[in-house]
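User: I am new to this protein and would like to understand the words used to describe it. Could you take me through some of them?

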Amino acid sequence: MLEWLIPQAQMEALRAVIDENDKFVVVAHKNPDGDAVGSSLAMMLYLRSLGKTADVVLPNAFPDFLTWLPSADDVVVYETAAERACELVAAAQVILCLDFNSPSRLGPLGESLCSSSAQKILIDHHLYPEEGFFSLMLSAPEACSTAELVYRVIYRLSSVQALSLDVAQAIYTGMMTDTGSFAYASNRKDIYLIVAELIAAGVDKDLIYRRVFYNASTSRLRLMGYVLYKKMKIYSRMNAALITLSYDELMHFKVQKGDTEGLVNMPLQKKGVRFSCFLREELPGKINVSLRSVGDFPCNTLAAEYFGGGGHKNASGGEVHDTMEAAVEKFVKAMNAYRKELTE
Ligand SMILES: [Mn+2]
């Protein structure tokens with residue numbers, strides 16, 4: 001019934017690795033999002049249900065709106081518990097690498113991974129996984145989320161009966177957040193067959209939606225108002241939009257981790273806008289770049305060319321180590337270089 005996104009040979013290789021080993025660590029990318037945390041916890045819980053030792057290690061903390069996830073308290077965060085994180089990585093026989101395509105996406109945790117002799121297995125939906133680093137790659141850019149791939153792994157290795165409510169909730173959260181609540185990257189029929197199975201396992205999708213999206217702080221709501229009223233610049237003729245927030249502005253609004261999540265998507269609601277860029281000055285002189293697009297506009301190639309980053313076609317990011325003025329200049333230059341793609 002389900003399209004096979006992962007070839008049978010890779011699935012069998014993964015089965016053998018799971019059968020033959022006992023100590024697993026699951027890692028996901030820096031600034032973990034709903035898919036990174038949801039897919040990792042689902043994998044950890046599944047492995048534990050098989051009697052394995054399994055832990056999740058993340059490079060840094062995840063946002064508040066994910067703390068309700070089953071066993072979220074078990075996550076070991078490298079930034080605040082480096083010693084414990086390194087112990088687990090060093091003791092692991094297998095490291096499952098979820099929702100990222102290169103150890104460079106892990107920050108300093110990547111170094112500890114590189115020095116570990118454990119087998120590294122990729123389960124991911126980003127394009128262009130780093131060749132040579134992973135001993136086995138389950139890479140499927142067609143998947144809506146890594147959580148979808150974790151569902152497929154569990155379904156194919158153990159059947160749908162292995163799906164506990166906790167695992168199902170974690171998977172649903174990853175699928176929902178990575179598709180903007182099934183608003184993009186979600187046109188494949190089998191996504192909804194999976195959702196149906198998750199609901200059959202007891203998932204309350206309406207409740208998960210509220211937990212994740214109706215969870216804003218006052219500062220976030222005020223910040224959204226400020227951004228839309230004062231800071232969103234629309235380039236009508238280019239079908240593009242830009243939002244900038246300086247370090248001082250972030251301080252003024254007492255912005256917490258997660259408060260700026262999704263702001264980059266808002267200009268896409270304007271009729272005609274195909275490309276949106278959000279420049280956030282995390283620290284003076286360090287600017288985080290978020291890019292979003294609709295349709296065929298390739299954010300990832302623009303991100304790679306101008307912002308030293310990458311990602312998906314419709315959602316990418318990068319960094320600028322310079323002033324905000326310089327970052328805006330770069331954006332304008334990039335936008336003009338892509339005039340044809342933006343306006344045709
Ligand atoms: Mn993802």
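User: Why is Ser-116 called buried?

Analyst: Happy to help, and please keep in mind that this is a predicted model. Ser-116 has a relative accessible area of 11%. Buried means under 20%, so Ser-116 earns the word. Ser-116 sits in the loop between α4 (109-114) and β5 (119-124). Leaving aside neighbours within four places in sequence, Ser-116 is in contact with Val-89 and Ile-95.

User: What makes Leu-207 count as partly exposed?

Analyst: The relative accessibility of Leu-207 is 26%. Partly exposed covers what falls between under 20% and over 50%, so 26% puts Leu-207 in that class. You will find Leu-207 in helix α8, which covers residues 205-213. The C-alpha atoms of Leu-207 and Phe-275 are 31 Å from each other, and 68 residues separate the two along the chain.

User: How do you know what to call Pro-7: buried, exposed or partly exposed?

Analyst: Pro-7 has 44% relative accessibility. Exposed would need over 50% and buried under 20%, so Pro-7 counts as partly exposed. Pro-7 belongs to the segment before α1 (8-20). From C-alpha to C-alpha, Pro-7 and Glu-282 are 41 Å apart in space, with their places 275 residues apart in sequence.

User: Why are α2 and α5 called roughly parallel?

Analyst: Two packed helices are described by the angle between their axes and the distance between the axes. Helix α2 (residues 34-49) packs against helix α5 (residues 146-158) at about 15 degrees, and their axes are 8 Å apart. Angles under 35 degrees count as roughly parallel, so α2 and α5 get that description. Their crossing is left-handed.

User: Which residues meet there, and what kinds are they?

Analyst: From α2 come Asp-35, Ser-39, Ala-42, Met-43 and Tyr-46. Among their partners in α5 are Val-150, Ile-154 and Leu-157. The residues of this contact divide into eight nonpolar, three polar and one charged.

User: What makes β7 and β11 edge strands?

Analyst: Let us begin with the sheet. This open sheet has six strands in the order β7-β8-β9-β10-β12-β11, and its pairing is mixed. β7 (232-235) and β11 (310-311) each pair on one side only, and that is what makes them the edge strands.

User: How do you know that β11 pairs with β12?

Analyst: Pairing takes at least two bridges. Two bridges join β11 to β12 (residues 315-320), so β11 and β12 pair. They run antiparallel, and Gly-310 stands opposite Gly-317 in β12. A hairpin of three residues links β11 to β12.

User: How many bridges are there between β10 and β12?

Analyst: There are six, and β10 and β12 pair in the antiparallel sense. Val-289, for one, has Gly-318 in β12 as its bridge partner.

User: Which helices pack on this sheet?

Analyst: Helix α9 (residues 218-231) packs on the sheet and touches β7 and β8 (240-245). The direction of α9 makes about 125 degrees with that of β8. Helix α12 (residues 324-337) also packs on the sheet, touching β7, β8, β9 (275-283), β10 (286-293) and β12. The direction of α12 makes about 170 degrees with that of β8.

Note on methods: Residues numbered from 1 in each chain as written. Predicted model: local features only at pLDDT ≥ 70, side-chain atom pairs only at ≥ 80, totals over all residues. Heavy atoms only, no water. Helix = DSSP H or I, 4+ residues; strand = E, 2+ residues; numbered from the N terminus. Contact = heavy atoms within 4.5 Å. Axes fitted to C-alpha atoms, helices over the stretch in contact; angles between N-to-C directions. Parallel < 35°, antiparallel > 145°, perpendicular 65-115°, else oblique. Left-handed = near helix turned anticlockwise from the far one by under 90°. Nonpolar A, V, L, I, M, F, W, Y, C, P; charged D, E, K, R; others polar. Buried < 20%, exposed > 50% of the residue type's maximum accessible area, 1.4 Å probe, protein only.
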